[in-house]
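Colleague: I have the file open and would like to walk through a few residues with you. Could you keep the cut-offs explicit as we go?

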Amino acid sequence: QVQLQESGPGLVKPSQTLSLTCTVSGDSIASNYYYWSWIRQPPGKGLEWMGAIAYDGDTRYRSSLKSHTSISRDTSKNQISLQLSSVTPEDTAVYYCAKYGGGWFGHLEVWGQGTLVTVSS
């Protein structure tokens, strides 16, 4: 059974960098043709896809976030990481990692429970 667990600080100050980790168990993040996404949901708003990293390490980002978003992986720890720089209160959201199969926006297989990050001074 594949499980994803997000972790990181719950509070980040404006202008700082938000860093989150998604630890994957039950599957390898390098397994062929799987894509690992970061998705967020601000309070009272819909889900927003932020970006993803593929099984081969290739990355794609939402165009509006590309300039200050970075997604990376550590295959030795089976972890996916998200860094979002220069955060503002508008970046307050529940952040999820998710596993997709069959393409960047293929079929959603599993996602984590999410972690709330609040941006506030």
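Colleague: Which strand is T69 found in?

Modeller: T69 is found in strand β7, which covers residues 69-74; strands here are DSSP runs of E with at least two residues, helices are runs of H or I with at least four residues, and both are numbered from the N terminus. Before we go on, this is a predicted model, where local features need pLDDT of at least 70 and side-chain atom pairs count only at pLDDT 80 or more, while totals for chains, interfaces and linings use all residues. Residues are numbered from 1 along each chain as its sequence is written, and side-chain values use heavy atoms, with hydrogens and water left out.

Colleague: Is T69 buried or exposed?

Modeller: T69 counts as buried because its relative accessible area is 8%, where buried means under 20%, exposed means over 50% and partly exposed lies in between, with a 1.4 Å probe and protein chains only.

Colleague: And what does the side chain of T69 have as a polar partner?

Modeller: A polar atom of the T69 side chain lies 2.8 Å from the backbone oxygen of L65. A polar contact is a pair of N or O atoms within 3.5 Å; within protein one must be able to donate a hydrogen and the other to accept it, and residues adjacent in sequence count only if both atoms are side-chain atoms. Leaving aside residues up to four places away in sequence, T69 touches Y61, L82, Q83 and L84, a contact meaning heavy atoms within 4.5 Å.

Colleague: What about L20, which residues does it touch?

Modeller: Not counting residues up to four places away in sequence, L20 touches S7, G8, W38, I80, S81, L82, Y95, T115 and V117. L20 lies in strand β3, residues 18-25, and it counts as buried because its relative accessibility is 2%.

Colleague: How far is L20 from G102?

Modeller: Their C-alpha atoms are separated by 25 Å, and the two residues are 82 residues apart along the chain.

Colleague: Switching to backbone angles, which sign does phi of N78 have, positive or negative?

Modeller: Phi of N78 is positive, near 55 degrees, in a residue other than glycine. For context, most residues other than glycine have a negative phi. N78 lies in the loop between β7 and β8, the latter being residues 79-84, and N78 is buried, with a relative accessible area of 13%. S86 also has a positive phi, about 50 degrees, although it is not a glycine; S86 sits in the loop between β8 and β9 (93-101) and is partly exposed at 49%.

Colleague: Where is P14, and what does it touch?

Modeller: P14 is found in the loop between β2 (11-12) and β3, and it is partly exposed, with a relative accessible area of 29%. Not counting residues up to four places away in sequence, P14 touches V87, V119, S120 and S121.

Colleague: Zooming out, how many helices and strands are there in the chain?

Modeller: There are 0 helices and 11 strands in the chain. Of its 121 residues, 40% count as buried, and residues 24 or more positions apart account for 55% of the contacts with a separation of 6 or more.

Colleague: What radius of gyration does the chain have?

Modeller: The chain has 13 Å, which agrees with the value near 14 Å for a compact globule of 121 residues; the radius is taken over C-alpha atoms, and the globule rule is 2.2 Å times the number of residues to the power 0.38.
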